[in-house]
Amino acid sequence: MRLLVTGGAGFIGSNFVHRSLAQHDCTITVLDIMGYAANPQSLAGLADNYPSRFDLVVGDICDKPLVDKLVAEHDVVVHFAAESHNDQSLRDPLRFATTNVLGTIGVCEAAVRHSKRLHHISTDEVFGDLAFDDPHKFTPDTCYRPSSPYSASKASADHFVRAYIRSFGLAATISNCSNNYGPRQHPEKFIPRQITALLSGQQPRLYGSGQHVRDWIHVDDHNDAVWKIIESGQLGETYLIGADGEHTNAQVIAYLLEIVGADPHDYVHVTDRAGHDRRYAIDASSTLALGWEPQHRDFRAGLAETVAWYRENPQWWANSRQQAEAFYQQSETITGNGGDATGS
């Protein structure tokens with residue numbers, strides 16, 4: 001199987017590439033613009049280890065002639081490419097609309113033109129949020145209620161994929177996944193930001209009160225689910241991917257402080273994000289029905305493995321952490337310490 005992986009130098013995409021080459025009979029071409037969120041080191045060594053099975057094309061997902069050429073040369077397109085950071089989207093919504101919406105439309109057009117299979121990677125954030133005491137979880141039938149420019153752009157991209165399925169016969173599936181964690185994630189994101197702070201001798205940062213809930217899944221479990229959908233999913237369907245991993249942000253920081261042997265109160269509260277979603281929760285029965293099962297059920301153990309990876313690979317994250325912290329310094333204010341109620 002010849003796979004075109006868009007955004008394959010990013011967090012989830014690069015892990016997908018490594019895992020796919022190691023475990024599946026496939027060749028992979030990565031298309032990535034190599035912007036700030038991509039890291040060349042994430043793909044280092046693959047061309048040498050898999051000389052006839054891996055290739056990297058540096059280019060823009062919005063470059064229609066390039067996308068058309070690459071799609072024509074492959075059997076399946078796995079579309080990870082996206083601007084994905086909520087805080088960045090609050091500052092530059094148009095960049096997110098351009099990449100996430102127009103880029104996806106271009107991929108859909110090329111896949112239809114050349115009769116290629118597409119799997120579109122989306123997020124649970126398109127559904128908005130749930131009340132803390134809501135007994136329900138997101139399902140494929142949950143209405144879309146995006147809260148940020150990022151989630152709005154992903155919601156729009158999902159709708160375009162569905163429109164191309166119905167109007168033009170696009171052979172596609174969609175998956176919406178909960179929050180991922182694991183190696184090779186940019187330090188601007190919540191978990192690696194806290195890990196790299198601790199490894200740098202600094203205090204972790206907690207948005208607001210820290211009671212926001214995320215449904216965490218290890219990146220390898222996500223990518224195994226993607227493969228299961230590619231191999232067994234029904235065309236035209238949407239699959240939700242999650243691992244029943246609901247934890248508050250405050251709990252995640254407590255786990256990380258415990259893992260590194262630090263004082264459980266050695267963190268600070270900072271200004272909350274505008275429009276911060278309260279809670280995400282995924283009903284993954286649609287994907288479980290295909291025979292997929294998450295393997296990283298022990299969240300604390302997965303976090304410990306992730307901390308170990310960042311500790312062993314400081315050269316991977318040092319520069320990007322410095323850039324991310326410079327961004328946060330422009331909008332973030334400390335509002336309290338540790339368990340101080342002023343953080344709420």
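In which kind of crossing, left-handed or right-handed, does α7 pass α9? The tour comes to that pair at its last stop, after the whole chain and its sheet have been viewed in this predicted model.

**The whole chain**

Begin with everything selected, and draw the chain as a cartoon, in which 12 helices and 14 strands can be followed. The C-alpha trace extends over about 60 × 45 × 40 Å along its principal axes. The radius of gyration is 19 Å, which agrees with the value near 20 Å that a compact globule of 344 residues would have. If you colour by accessibility, 56% of the 344 residues count as buried. Among the contacts with a separation of 6 or more, 84% are made by residues 24 or more positions apart.

**The open sheet**

Next, select the 7 strands that form an open sheet, and step across them in the order β3-β2-β1-β4-β5-β6-β11, noting that the pairing is parallel. At the edges you will find β3 (54–58) and β11 (238–241), each of which pairs on one side only. From one strand to the next the twist averages 20 degrees.

**Strand β1 and its partner β2**

Within the sheet, select residues 2–6, which make up strand β1; 4 of these 5 residues are buried, so the strand is largely enclosed by the rest of the structure. Adding residues 27–32 brings in strand β2, which runs parallel to β1 and is joined to it by 5 bridges. For a single pair to label here, take T6, which stands opposite L31 in β2.

**Strands β6 and β11, with helix α6**

Now move to residues 171–177, strand β6, where 4 bridges make the connection to β11 and the two strands run parallel. Label N176 and then L240, its bridge partner in β11. Keeping these strands in view, add helix α6 (residues 149–168), which packs on the sheet and touches β5 (117–123), β6 and β11, while its direction makes about 155 degrees with that of β5.

**Helices α7 and α9**

Finally, select residues 190–199 for helix α7 and residues 249–259 for helix α9, whose axes come within 11 Å and cross at roughly 35 degrees. To return to the opening question, the crossing in which α7 passes α9 is right-handed. Showing side chains brings up the contact itself, where F190, I191, Q194, I195 and L198 of α7 meet N249, V252, I253, L256 and L257 of α9. The residues of this contact comprise 8 nonpolar and 2 polar, with no charged residue among them.

Definitions and conventions. Residues numbered from 1 in each chain as written. Predicted model: local features only at pLDDT ≥ 70, side-chain atom pairs only at ≥ 80, totals over all residues. Heavy atoms only, no water. Axes fitted to C-alpha atoms, helices over the stretch in contact; angles between N-to-C directions. Left-handed = near helix turned anticlockwise from the far one by under 90°. Contact = heavy atoms within 4.5 Å. Nonpolar A, V, L, I, M, F, W, Y, C, P; charged D, E, K, R; others polar. Pairing = 2+ DSSP bridges. Rg over C-alpha atoms; globule rule 2.2 N^0.38 Å. Buried < 20%, exposed > 50% of the residue type's maximum accessible area, 1.4 Å probe, protein only.
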